[in-house]
Amino acid sequence: MQRHLAVDIGSESGRVFVGYIQDGKVHTEELHRFRTQFMQIHGKSVRNIYRYHEEILHALKLYAEKYGDRLASIGVDSWGGDFVLLDREGNISQLPTSYRSTSAGNDAAEIIEEKMGIEEVYGRTGNQAMPTDTLSQLVRLVRDRAPSMDDPHGILFMGDVYQYLLGARPCCEHSLASYSRMYNNVKGRWDEEIMEKMGIPLTIQTPVVYAGDVIGQVDPVILEEAGIRGPVNIITPCTHDTSCAALTVPDLGEDWAFISSGTWSLLGTETGGPIINDLSYAGNFSNSTMPLKTNMFKKNVQGMWIVQQCKKAWKDRYSYDQLVQMAAKVTDNDVFFDVDMEPFYDPKNMAMAIADSVGRDFGVDVDWQDAGKISRICFESLALKYRYCFDKLLKAADKKISKIYILGGGSYNQLLNQFTADATGYPVYTGVYEGSNIGNVLLQAYGCGELKDKREMRQVVSNTFNKKAYYPEMTEIWDEKYRIFVERISHKAQW
């Protein structure tokens, strides 16, 4: 039996799981969990990647203490958008700025439109344009003449960074490279014309690898300090956590869509190749790689970030479970907001921003400190936004589905799961709560030759987890809520 260490670096917490395949099932155990929120340096919100790296090193020591000195492999996945740049000697030039501190305005979009055209970039990349995406961040660095752009010799996305610090060669796994708005998803390579027109040095291009590839071995000094005998392969999963999570849909058919529910909700479906057409451009939908080179056609929606920030506004007086229970007791609600509008990107007080929004759009006074009412508005608004996006996304993909799978930590929210079924009209299934970690383990096992293809991986997931079903209820009531959601509020979001 070969054990694998799956590291999932999220925007709120990091998780390290031990996993292995036995008797046709995947077995996992949480080994270590730590906070990953950004810190302030001279007014900038940055990610302390070296502290996160130290947490991974600590997890290796915990592994040795509990499981002994043999480990087959390790791999890391994380969120998209953020990155580091390498200098000519392979040093990381500066800490990555957290995307939440990035402007939510159109400053980068205006530059991209002037120099090449947003539609032209989309036609090449098929990537959703966001104020926080990699291309937009790089465009700002060029505009501001950032020292890190003077002579860059490679880019690493967040999952790639931690693998590099462990001993991997500098490389970008395809799932995040293909999501950067600098990778031509039609031709299957970095798009040098985009880079040249934006003033981005071509030396930024890092070799691209694929999930399941062995990209190096853990530094022997690290292993010695942890008490592990080498070699230990670094096998890259999909470094995009959503791609890892989408692998864990426990379904061997094709008539499904998924929601990876966490700080962001990523709504999508699997397709044979990129979907790039007028409808996908109008919907600002995105394409990036799934494991084993299929395509994930998806849309980013602000997810539990909304509730996380309300919780913060209420001074953390309530747990997430308490907020769900309080929301469930609010039986009458017909006011909503679009979670992706700019006022909800990073307000000083999220609950107050929501109360102000429904006051303007519906003429209704809501006390921002009424945690039950505000939470109810959040959950219903999220479910209605899911329907809004799926209606457009499935039409663009010319695809019919019969069910939705909700993956990730957000799927613990049974109230939101039921609302999603009610709003969309599709049965909703849950059961895989740590989808990114499970997908990470499966891809390492694939890289070690234990699993042969995606079908076998999904069969393992199906063998392991019991599905919980939520069926649509009160469809007429939710159809009316949706009509109000579409007609009464603005949906001119930044992404």
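The legends below describe close-up views of a predicted model.

**View 1. Helix 14 packs against helix 15.** Helix 14 covers residues 371-397 and helix 15 covers residues 414-424. Their axes lie 8 Å apart, and the packing angle is about 40°. Helix 14 is therefore oblique to helix 15, since angles under 35 degrees would count as roughly parallel and those from 65 to 115 as roughly perpendicular. The crossing of the two helices is right-handed.

**View 2. Residues at the contact of helix 14 with helix 15.** On the helix 14 side, the residues are Arg376, Phe379, Glu380, Leu382, Ala383, Leu384, Tyr386 and Arg387. They meet Leu415, Leu416, Phe419, Thr420, Ala423 and Thr424 of helix 15. Sorted by class, this contact has nine nonpolar, three charged and two polar residues.

**View 3. The largest nonpolar core, with Ile74 among its members.** This core has 70 residues, and those touching the most other members are Ile74, Leu138 and Ile155. Helix 1 (residues 49-67) gives the core its largest share, seven residues. Apart from neighbours within four places in sequence, the contacts of Ile74 include Leu5, Val7, Ile56, Leu60 and Leu166. Ile74 also touches Val218, Val232, Asn233, Ile234, Ile235 and Gln444.

**View 4. A second nonpolar core.** This core is separate from the largest one and has 63 residues. Among them are Ala257, Met304, Val307 and Ala397.

**View 5. Asp241 in helix 9 and its surroundings.** Helix 9 spans residues 241-247 and contains Asp241. The relative accessible area of Asp241 is 16%, so this residue counts as buried, the cut-off being under 20%. Setting aside neighbours within four places in sequence, Asp241 is in contact with Asp8, Asp77, Ser78, Trp79 and Ser436. Asn437 is 196 residues from Asp241 in sequence, and their C-alpha atoms are 8.3 Å apart in space.

**View 6. Thr239 in the loop before helix 9.** Thr239 sits in the loop between strand 14 (233-235) and helix 9. With a relative accessible area of 0%, Thr239 is buried. Its contacts, leaving out neighbours within four places in sequence, are Val76, Asp77, Ser78, Gly159, Asp160, Gln163, Glu173, Ser175 and Leu176. Asp77 and Ser78, listed here for Thr239, are also in contact with Asp241.

Conventions. Residues are numbered from 1 along each chain as its sequence is written. This is a predicted model: local features need pLDDT of at least 70, side-chain atom pairs count only at pLDDT 80 or more; totals for chains, interfaces and linings use all residues. Side-chain values use heavy atoms; hydrogens and water are left out. Axes are lines fitted to C-alpha atoms, for helices over the stretch in contact, and angles run from 0 to 180 degrees between N-to-C directions. Helices (H or I, at least four residues) and strands (E, at least two) are DSSP runs, numbered from the N terminus. Angles under 35 degrees count as roughly parallel, over 145 as roughly antiparallel, 65 to 115 as roughly perpendicular and the rest as oblique. A crossing is left-handed if the near helix is turned anticlockwise from the far one by less than a right angle, and right-handed if clockwise. Contact means heavy atoms within 4.5 Å. Ala, Val, Leu, Ile, Met, Phe, Trp, Tyr, Cys and Pro count as nonpolar, Asp, Glu, Lys and Arg as charged, and the others, Gly among them, as polar. A nonpolar core is a set of buried Ala, Val, Leu, Ile, Met, Phe, Trp, Tyr and Cys residues joined through side-chain atoms within 4.5 Å. Buried means under 20% relative accessible area, exposed over 50%, partly exposed in between (1.4 Å probe, protein chains only).
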